[in-house]
Amino acid sequence: MKNSLTILTVIIILAGCTQDENVPTQQQPVVPPWTSGQSAEAVFGQTTFTAGSTDSVGQNTIPGPWGLAVSGSGALFVVDQRGHRVLRYNNAATKASGANADAVFGQQDFAGRVWNYGAGGSTPSANGFETPTSVAVDPSGNLFVLDQANQRVLRFNNAASKTNGAVADGVLGQPDFVTKKFNTTQSGFFSPQGVAIDASGNLYVADGSNHRVLRFNNAASKANGAPADAVFGQPDFTTSSNGTSANKISNPTSLAVDDAGNLYVGERGNSRILVFFNVATKINGAAADIVLGKSDFGSGATPGAATAANVYFPYGLAVDGKKNLYVADGGFNRVLIFYNAPSKKNGDSADVVIGKKDFASSSVTGASVENIGQPYGIAVQSSTGKLYVSCYSNSRVLRFQAKSPLGQ
């Protein structure tokens, strides 16, 4: 009887215990950062979300928006391909729709629209571009501009403080600022398409017609015309054949590198994205670890219809602090988002689509607050949760806001 009373007393005491109010009774639901079809919050290059394409070159217009990059200080760099220039928007996360750019590179002023300014448009110069396509900013604030028609990458040190028409501080792909040659060598390019830079300052160049990606270690310290340190997509620096496999590339157009050093390569020729884990340690010709946009490494045909698993011309790539991958899917007029991309398996579907109401929509290119037409560039700022997308068909850049943190 005594034992029974003791047990009953213990049960009563335990039943009366209450949980500490500071300890949650269950895990709070996680809010996904993005919603398919969500609207943009601001627009640059236009004053309204319904304005269409323009050919006007000015301080608040962007006739041909292409590549995008955001610096650690929050400056947004926009490639205006048709204006042969790069625009800088300081503190872009807080700017209102239709805001003016704060600086211009490649031209002396915001009204300029000449090729290779400073040399009469006939030969390259240190402060001019011809059809630029891509930009990247290293952790020190140095800007790298892919000057496609001049077969080179120009470097502007401390770009956030440069004034209009600034002269470049370095060049890769050519021995000097006035040479223009096509090359399949360790130090030359043939129709380069895109650039990206990692946390250690290593520069990656998508060398389109050579069907390869070159890596330049500690790029800001390189001398003009310096050779690359590694190559992917080819077994060496003199081979230029394309292919569809884990270690071959066909017309790479876009690049991104996450904080862990994983490289993402968007291929126009194979309509897919290759992922190379810890790429700084890989040797020449190394195989990719994952493929997205295709079910396996041997598939390279152009997709027939828009789905969550298909990619059609990945013109721009970006990755945030949580390793979410953003794909500017130019052929399907949309942005695909793959959450925690390194954890994906070959051919996995995207988790979210922006710029279209669903994964099956693809063709509409009209101007509205939620629609995207011909996205050729993309950038993300993890600290503020801002996503920037170039909308070429409507001469604008859209800014979106994440609904939950994107890491640092």
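Two colleagues go through a predicted model and ask what its labels rest on.

Colleague: What makes F77 and F105 an aromatic pair, and why is the pair called tilted?

Modeller: Their ring centres lie 6.3 Å apart, and the cut-off for a pair is 6.5 Å. The planes meet at 45°. Stacked needs under 30 degrees and edge-to-face over 60. The angle fits neither, so the pair is tilted.

Colleague: Which parts of the chain does that pair tie together?

Modeller: F77 belongs to strand β3 (residues 76-80) and F105 to strand β5 (residues 103-105). The parts are 28 residues apart in sequence.

Colleague: Are these two rings buried or exposed, and how do you know?

Modeller: Buried means under 20% relative accessible area. F77 has 1%, so F77 is buried. F105 has 0%, so F105 is buried as well.

Colleague: What is the geometry of Y315 and Y376?

Modeller: The centres are 4.6 Å apart and the planes are at 55°. The angle is not over 60, so edge-to-face is ruled out. It is not under 30 either, so stacked is ruled out too. That leaves tilted.

Colleague: Where do Y315 and Y376 sit?

Modeller: Y315 is in strand β18, and Y376 is in the loop between β21 (352-354) and β22. The pair therefore links parts 61 residues apart in sequence. Both Y315 and Y376 are buried.

Colleague: Which residues make up the aromatic cluster that holds Y315 and Y376?

Modeller: The cluster consists of W66, Y312, F313, Y315, F332, Y376 and Y392. Across the model, the count of aromatic pairs is 16.

Colleague: Why are β1 and β22 called edge strands?

Modeller: The open sheet has four strands, in the order β1-β24-β23-β22, with antiparallel pairing. β1 (42-44) and β22 each have a single partner strand, so one side of each has no neighbour in the sheet. From one strand to the next the twist averages 20°.

Colleague: How do you know that β1 and β24 pair?

Modeller: Pairing takes at least two bridges. β1 and strand β24 (residues 396-401) have three, so they pair, in the antiparallel sense. One of the contacts is F44, whose bridge partner in β24 is V397.

Colleague: What makes β6 and β9 the edges of the other four-stranded open sheet?

Modeller: The order there is β6-β7-β8-β9, again antiparallel. β6 and β9 (170-172) pair on one side only. Strand β8 (residues 152-156) is joined to β9 by three bridges. V153 stands opposite L172 in β9.

Colleague: Which elements give two or more residues to the lining of the largest cavity?

Modeller: β8 and β9. The lining includes V153, L154 and R155, along with G170, V171 and L172. It divides into six nonpolar, two polar and two charged residues.

Colleague: Why does that space count as a cavity, and how many are there?

Modeller: A 1.4 Å probe fits inside but cannot get out, so the label is cavity rather than pocket. The count at 30 Å³ or more is one. Its space is about 50 Å³, which is over the 30 Å³ limit.

Colleague: What lines the largest pocket?

Modeller: The largest pocket holds about 980 Å³ of space. Its lining has 44 residues, with V70, V137, I197, V319 and V380 nearest the centre. Elements giving two or more residues include β2 (65-70), β6 (132-137) and β10 (192-197). By class, the lining has 23 nonpolar, 16 polar and five charged residues.

Colleague: Why is strand β11 called mostly covered?

Modeller: Five of the five residues in β11 (residues 203-207) are buried. The limit for buried is under 20% relative accessible area, so each of the five falls below it. L203, V205 and D207 point one way, and Y204 and A206 the other way.

Colleague: What are the partners of β11?

Modeller: Five bridges join β10 to β11, antiparallel. I197 stands opposite L203 there. β11 also pairs with strand β12 (residues 212-216) over five bridges, in the antiparallel sense. A206 has V213 as its bridge partner in β12.

Colleague: Which residues take a positive phi in these hairpins?

Modeller: In the β10 and β11 hairpin, with five residues between the strands, G201 has a phi near 85°. In the β11 and β12 hairpin, with four residues between the strands, H211 has one near 50°.

Note on methods
Residues numbered from 1 in each chain as written. Predicted model: local features only at pLDDT ≥ 70, side-chain atom pairs only at ≥ 80, totals over all residues. Heavy atoms only, no water. 1 Å grid on protein atoms, 1.4 Å probe; cavity = no way out; pocket = protein on both sides within 12 Å on 5 of 7 lines; lining within 4 Å. Points joined across faces, edges and corners; volume = space filled by probe spheres on them. Nonpolar A, V, L, I, M, F, W, Y, C, P; charged D, E, K, R; others polar. Axes fitted to C-alpha atoms, helices over the stretch in contact; angles between N-to-C directions. Phe/Tyr/Trp six-rings, centres within 6.5 Å; stacked < 30°, edge-to-face > 60°. Buried < 20%, exposed > 50% of the residue type's maximum accessible area, 1.4 Å probe, protein only.
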